[in-house]
Amino acid sequence: MVEQSAEPPKPDRPLKVALLGCGVVGSEVVRLLVEHQADFAARVGAPLELAGIAVRRGGRHRDVPVDPALFTTDAHALVRRADIDLVVEVIGGIEPARSLILAALDNGASVVTANKALLAEDGATLFAAAEKRGTDLYYEASVGGAIPLIRPLRESLAGDRVRRVLGIVNGTTNFVLDRMDTEGTSFAEALEEAQELGYAEADPTADVEGFDAAAKAAILASLAFHTRVLASDVHREGITQVSSVDVESARAMGCVVKLLAIAELAADGAGVGVRVHPAMIPREHPLASVRGAYNAVFVESAAAGQLMFYGAGAGGSPTASAVLGDLVTVARNRVQGVRGAAASTYAQLEVHPMGETPTRYHISLDVYDRAGVLASVANAFSRHGVSIQTVRQEGRGADAQLVVVTHQAPDRALTATVEELEDLDSVRDVTSVMRVEGLGDR
């Protein structure tokens, strides 16, 4: 779906591109733009000419095949140049990225960004600016690297009703959890290996605490349910508390632990729940086989049914691929004098708090091995309206281990149940609590 854009440039002249940032992704964008110049011109209908590259520090040698004179430290002057048609932002963060994108849009340029954090915090302002000026704002690279996710949700599934989006959207955490499962390493050991291989930053907080995944979940939920969802709306739990005991417990019940981003329509269709947390999923589930630093997103819709998108979720080349895909699209729109499909937020559904979200728990308890213990535990679940699906008990002398898997219940009720279990005289310790997904109890 496209609409007419104001004052399209003539296709007999090159379209001028400004690049903001020349790090890992930016360098790949430059390299591919130069190497495939003729191909891009044929696909767009006009040449793409790199007119300037904004960097934080000038004078540094950068291994990119362009004239050093293109580099500038004055990003604001670059995006305000009258001849700039297209702006690519790959610097990340909130500021100065937000100010630069707004300036570019106000100047009439179309913008391609990979900035998930900014879109999840203040995407509404950016989309409003693009709408006002009649220009494009595309962001395929903000979620899932090279995996096509944004366009399918925004366009391919526009005639369908998405019910649920369930995915692994952070490669660092998936690598760590995969190593804990397949190699038996501890969280600390797996994270150190991820850092050595370049999958994790020196400060991995954004990844391991779930901030990165929460921003992506907000973007996916906004598109899937035509509702503005912010990162602050997303219930977020990271993987720092996932232990080897949790991983072993998952294996014992034929599951694997993954950090999942989940956005789902409420049963009555009047609201949405959006959350990021570790969860056990059955090993036969398609997401269970996603290994290493790869990403995958599982989409469930009314008409199309179940769809899965899989691939490299990060890295210079995969992300640059998504950036350039968007760049070709917005450039083609400029040549044709049209504007691409905008993000739709017409539904404005209520974002439900985590306490109202139906989930199910796997709970491991160390208890005293004596009469009445199982009854006292079962009564705690009953008092909070939580139904038990399975219970397994293993004796160990004077002690025993109880493993309970529940049916679905509001998360608030499950949390209250765990708190009561911790206070029971018959329970020595609640050793593991984790949500369970994908067992068909919806």
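## Helix 11 and a distant pair

V245 has its place in helix 11, which covers residues 244-252. In this predicted model, V245 is partly exposed, because its relative accessible area of 44% falls between the 20% and 50% limits that separate buried from exposed residues. V245 and A375 stand 130 residues apart along the chain, and their C-alpha atoms are separated by 25 Å.

A second pair can be described in the same terms. G171 and P318 are 147 residues apart in sequence, with a C-alpha to C-alpha separation of 13 Å in space. G171 belongs to helix 7, residues 171-182, and with a relative accessible area of 14% G171 is buried, since that value is under 20%.

## Helix 10 and the residue that follows

Helix 10 runs over residues 211-225, and the distance from its first C-alpha to its last is 21 Å for 15 residues, close to the 21 Å expected at 1.5 Å a residue. This helix is mostly covered, with 14 of its 15 residues buried. D212, which lies in helix 10, counts as buried at 9% relative accessibility.

Just after helix 10 comes H226, which takes a positive phi of about 50°, and this positive value occurs in a residue other than glycine. H226 is placed in the loop between helix 10 and strand 9, the latter at residues 235-236, and at 16% relative accessibility H226 counts as buried.

## Salt bridges

The count of salt bridges comes to 29. One of them joins K16 and E49, whose closest N and O atoms are 3.8 Å apart, and because K16 lies in strand 2 (residues 15-20) while E49 lies in strand 3 (residues 48-54), the pair ties together parts that are 33 residues apart in sequence. With regard to solvent, K16 counts as buried at 18% relative accessibility, whereas E49 counts as partly exposed at 33%. A further salt bridge connects K116 with D212, the closest N and O atoms being 3.3 Å apart; since K116 lies in helix 5 (residues 116-133) and D212 in helix 10, this pair ties together parts that are 96 residues apart in sequence. K116 counts as partly exposed at 25% relative accessibility, and its partner D212 counts as buried at 9%.

E155 and R154 also form a salt bridge, in which the closest N and O atoms are 3.4 Å apart. E155 counts as partly exposed at 32% relative accessibility, while R154 counts as buried at 10%. Elsewhere, salt bridges that share partners join K16, E49, R81 and D83 into one network.

## Surface patches

On the surface, E419, E422, D423 and D429 gather in a patch of negative charge. Helix 14, which spans residues 411-423, supplies the largest share of this negative patch, namely 3 residues. E419 lies in helix 14 and counts as partly exposed at 47% relative accessibility.

A nonpolar surface patch of about 300 Å² is made by Y294, M308 and Y310. M308 lies in strand 13, residues 305-312, and counts as partly exposed at 34% relative accessibility, a value that satisfies the requirement for patch residues of over 30% relative accessible area.

## Backbone details in loops

A cis peptide bond joins E95 and P96, with omega of about 10°. P96 lies in the loop that runs between strand 5 (86-89) and helix 4 (97-106).

Q348 has a positive phi of about 50° although it is not a glycine. The loop that holds Q348 lies between strand 14 (338-339) and strand 15 (350-351), and Q348 is partly exposed, with a relative accessible area of 44%. H226, described above with helix 10, likewise has a positive phi, near 50°, but H226 counts as buried at 16% relative accessibility.

Definitions and conventions: Residues are numbered from 1 along each chain as its sequence is written. This is a predicted model: local features need pLDDT of at least 70, side-chain atom pairs count only at pLDDT 80 or more; totals for chains, interfaces and linings use all residues. Side-chain values use heavy atoms; hydrogens and water are left out. Patches are made of residues with over 30% relative accessible area and no salt bridge: like charges are joined within 9 Å, nonpolar side chains (Val, Leu, Ile, Met, Phe, Trp, Tyr) within 5 Å. Accessible areas come from the Shrake-Rupley method with a 1.4 Å probe; for residues, only the protein chains shown count as cover. A salt bridge is a side-chain nitrogen of Lys or Arg within 4 Å of a carboxyl oxygen of Asp or Glu. Lys and Arg count as positive and Asp and Glu as negative; His and the chain ends are not counted. The place of a charge is taken as NZ of Lys, CZ of Arg, CG of Asp or CD of Glu. Helices (H or I, at least four residues) and strands (E, at least two) are DSSP runs, numbered from the N terminus. Buried means under 20% relative accessible area, exposed over 50%, partly exposed in between (1.4 Å probe, protein chains only). The expected span of a helix is 1.5 Å times one less than its number of residues.
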